[in-house]
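I opened the model and kept a short record of what I looked up. The entries follow the order of my reading.

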2 protein chains.
Amino acid sequence: MDTTAETQRARNTPATEQVLGAALNLFTEQGYFNTSIPDIVKASSVSTGSIYHYFSDKEGIARSLYETLVERMESNFSEIEAAHATAHDRCRAVIALLFELTEQEPAVMRFMLFSRHKEFIPDQKPVCSSRPFVQMREMVVAGMQSGEVREMTPIVAASAVFGGALRLIQLRLDGILDAPLPDYLDEIWQCAWRSVAV
Amino acid sequence: MDTTAETQRARNTPATEQVLGAALNLFTEQGYFNTSIPDIVKASSVSTGSIYHYFSDKEGIARSLYETLVERMESNFSEIEAAHATAHDRCRAVIALLFELTEQEPAVMRFMLFSRHKEFIPDQKPVCSSRPFVQMREMVVAGMQSGEVREMTPIVAASAVFGGALRLIQLRLDGILDAPLPDYLDEIWQCAWRSVAV
DNA sequence: TTGACTAGAACGAATGTTCATTCTAGTCTG
DNA sequence: CAGACTAGAATGAACATTCGTTCTAGTCAA
């Protein structure tokens, strides 16, 4: 009720989109702390004054960005849950989506998965406890209940299923993997599923 | 020859140890950019002047820390390679070691695995291409050559083997896992190995 | 043994710069 | 013309780094 969440303005004007887009790129290329407001001004062609008109402060830009992207991921995952019935299909679809997103919008992925949000959005829980990650774990647990996935500590199972894929995403974003991720989808998925299937 | 690497001083005086220890804690607790030199002065009981006597600058502290820890990990892994003959045993030992280290010295692990070094040590390759990670991949490849591990893209195999464990480490450091990691060693190792064994 | 001399180490106040944020003034638009 | 929006100069605080000085311990000459 008295949380800072209410402070959020940031409607979807072209200006805010400009700012969020520029901030996303700068934050992921150089890091949040190496990005100054003047940098964002230059990259977005939106003036200091306007930025502070739409956002409470620099942190507010990051918060707004983060919330938007988490929501997007959340609804992506919900669609997947609706479109597929089995844990097998759902988990595979999640990995396929993450792989494609990484190729299409690396900055989004970098910001979501591999930023230390805590450092610049102080009152933020780690990504791992954000809704999308919870959804991923729920998919695995559902598979355990339906008998597709062997009985074991749920979070360990989830780590086994998604760990390899997340690792590949990191390697790809770090430039260690040359081929696009979807090329590896079948291979890593076979490993992932074999590791937990009954 | 003209690289900055030579500039490194930082012998092992008590003072430098103090500074490195304090920096490790502060960097991992609050992040590099949220840590000021005065913070380090307070936490280490070493004066500003002395810090600049031993280290070229703030970045130099981080560099020194990083290099020390990478070397340590490197030699740990070499010992493991010497002590075990099969890919199976080596990889398992690596995970066991990482799990124990995470419990014993979480800050070390956090700094090594989950900091965005690029952001504060500009000329640093991503961790994933540091020696220890290469060693991990080599272990898997060796296993493929010896017939223990099924034929597949090496880096995908390595991700499958270590991905789950690394994920658990992250979850543990983020406070999502309550039990100490070694409790999960058998379970995750079974998954990991099953995912790539012939 | 003493006292002069030296060099490295330690100190923390002073400096200059960077940067988030604020302010004042101006410009559209309904 | 009123209110939302834009603009960019001005402000002030925080910070990394420098500098002049002091301290400590070792060396050596007499």
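**Entry 1: chain A as a whole**

How many helices and how many strands does chain A have? I counted ten helices and zero strands in chain A. The model is predicted, and I read the entries below with that in mind. Going from the N terminus, I noted the order of elements in chain A as α-α-α-α-α-α-α-α-α-α. I then took the box along the principal axes, and the C-alpha atoms of chain A fill roughly 60 × 45 × 30 Å. Chain A has 198 residues, of which 39% count as buried. I also looked at contacts in chain A between residues at least 6 apart in sequence, and 64% of these join residues at least 24 apart.

**Entry 2: how the two chains are related**

I laid chain B on chain A and got an RMSD of 0.0 Å, with a turn of 180° and a shift of 0.0 Å along the axis. This is the relation of a two-fold axis. The same surface serves both copies, as 100% of the contact residues of chain B recur in chain A.

**Entry 3: the contact between the chains**

I looked up the residues in the contact and found 33 residues from chain B and 33 residues from chain A. On the side of chain B that touches chain A, the elements giving two or more residues are α9 (154-173) and α10 (185-196) of chain B. Which element gives the most to that side? I found α9(B) there, with twelve residues. Sorted by class, the side of chain B that touches chain A has 18 nonpolar, nine polar and six charged residues.

**Entry 4: the nonpolar core**

I noted 112 residues in the largest nonpolar core, and A:Ala23 and B:Ala23 have the most contacts inside it. Helix α9 (residues 154-173) of chain A supplies the largest share of this core, 13 residues. In soluble globular proteins, nonpolar side chains tend to be buried together. I then listed the contacts of B:Ala23, leaving aside neighbours within four places in sequence, and found B:Ile40, B:Ile61 and B:Leu65.

**Entry 5: helix α4 of chain B**

Two of those partners, B:Ile61 and B:Leu65, are among the buried residues of α4(B). I noted other buried residues in this helix, including B:Tyr66, B:Leu69, B:Met73, B:Phe77 and B:Ile80. Helix α4 of chain B covers residues 58-83, which makes 26 residues. From first C-alpha to last the helix reaches 38 Å, close to the 38 Å expected at 1.5 Å a residue. What covers the buried residues of α4(B)? I found that the cover includes α1 (14-30), α5 (87-104), α6 (106-114), α7 (117-120) and α8 (131-145) of chain B.

**Entry 6: the DNA strands**

I began with DNA strand C, which 15 residues surround. The closest are A:Ser36, A:Ile37, A:Asp57, B:Ser47 and B:Gly49. I noted that α2 (37-44) and α3 (48-54) of chain A and α3 (48-54) of chain B each supply at least two residues of the surface near this strand. The most comes from α3(B), with four residues. By class I counted five nonpolar, eight polar and two charged residues on the surface near DNA strand C.

I repeated the search for DNA strand D and found 15 residues around it, of which A:Ser47, A:Gly49, B:Ser36, B:Asp57 and B:Lys58 come nearest. Here α3 of chain A, with α2 (37-44) and α3 of chain B, each supply at least two residues of the surface. The most comes from α3(A), with four residues. The surface near DNA strand D has five nonpolar, eight polar and two charged residues.

**Entry 7: two single residues**

I picked B:Ala43, which lies in helix α2 of chain B. B:Ala43 is partly exposed because 17 other C-beta atoms lie within 10 Å, and a buried residue needs 20 or more. Not counting residues up to four places away in sequence, B:Ala43 touches B:Ala22, B:Asn25 and B:Leu26. I also took a C-alpha separation, and B:Ala43 and B:Met144, 101 residues apart along the chain, are separated by 48 Å.

The second pick was A:Gln135, in helix α8 (residues 131-145) of chain A. A:Gln135 counts as partly exposed, with 18 C-beta neighbours inside 10 Å. From A:Gln135 to A:Ile40 I read 34 Å, C-alpha to C-alpha, for residues 95 apart in sequence.

Notes. Residues numbered from 1 in each chain as written. Chains lettered and ligands numbered in written order. Predicted model: local features only at pLDDT ≥ 70, side-chain atom pairs only at ≥ 80, totals over all residues. Near = placed C-beta within 6 Å. Nonpolar A, V, L, I, M, F, W, Y, C, P; charged D, E, K, R; others polar. Core = buried A, V, L, I, M, F, W, Y, C linked by C-beta atoms within 7 Å. Buried ≥ 20, exposed ≤ 12 C-beta atoms within 10 Å, placed from the backbone. Contact = placed C-beta atoms within 7 Å. Expected span 1.5 Å × (residues − 1). Least-squares fit on C-alpha atoms with pLDDT ≥ 70 in both.
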